[in-house]
Amino acid sequence: MLYIQESNGAYRKATEADVLGAATALFKRHFCTGNPLTEPAKAAEYLKLQLAQYEHEVFVCVFLNSQHQVLAVDELFRGTIDGASVYPREVIKAVLQHNAAAMIVAHNHPSGKAEPSQADRTITDKLKNALALIDVKLLDHFIIGESVYSFAENGLL
């Protein structure tokens, strides 16, 4: 049982939202702007924590500089319970806005199943090819469900 001390000194039982909020804040401190992202597992855990809360699909981009330091993390697209439209043009605009040299993308599967669909494979290929035209490397695409699926670890990038 966890308790939170209120500003008046009284304690109350922590809710699930309180615990997730505290965990997200802790991860953000370790995953903040300027820190190098050298461990894919660290990125996967942060993204899992961030995306697990949604009941609809959300597509997130992690923008990195040439030293793989985090420049920004943006939620670019929101969808429905079983899909989200991702537009490479909008991703490229965001990459240029952040002046990124590399990036990681991730989205959740509210069903809990982290296996990539054909649409997931297709958009990953489109993004990889579009980013290559402007010399930006797509390092990984994570699918967040009950587990985390990595395109890079599975040889799909």
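This short talk goes through the salt bridges, a surface patch and the largest pocket of the structure above.

What we have is a predicted model, in which local features need pLDDT of at least 70 and side-chain atom pairs count only at pLDDT 80 or more, while totals for chains, interfaces and linings use all residues. Residues are numbered from 1 along each chain as its sequence is written, and side-chain values use heavy atoms, with hydrogens and water left out.

Let me start with the salt bridges, meaning a side-chain nitrogen of Lys or Arg within 4 Å of a carboxyl oxygen of Asp or Glu; a search of the whole structure finds three. Arg 12 pairs with Glu 6, with the closest N and O atoms 2.2 Å apart, and Arg 78 pairs with Glu 75 at 2.5 Å. Lys 93 pairs with Glu 90 at 3.4 Å, and these two both lie in helix α3 (residues 88-98), three residues apart, about one turn of the helix; helices here are DSSP runs of H or I with at least four residues.

As for exposure, buried means under 20% relative accessible area, exposed over 50%, and partly exposed in between, with a 1.4 Å probe and protein chains only. Arg 78 counts as exposed because its relative accessibility is 51%, whereas Glu 75 is partly exposed at 31%.

Turning to the pocket, the largest one holds about 240 Å³ of space. Of the 17 residues that line this pocket, the closest to its centre are Glu 57, Gly 83, His 107, His 109 and Asp 120. A pocket is an open set of points on a 1 Å grid over the protein atoms alone, where a 1.4 Å probe fits, with protein on both sides within 12 Å along at least five of seven lines, and lining residues have an atom within 4 Å of a point.

Note on methods. Points joined across faces, edges and corners; volume = space filled by probe spheres on them.
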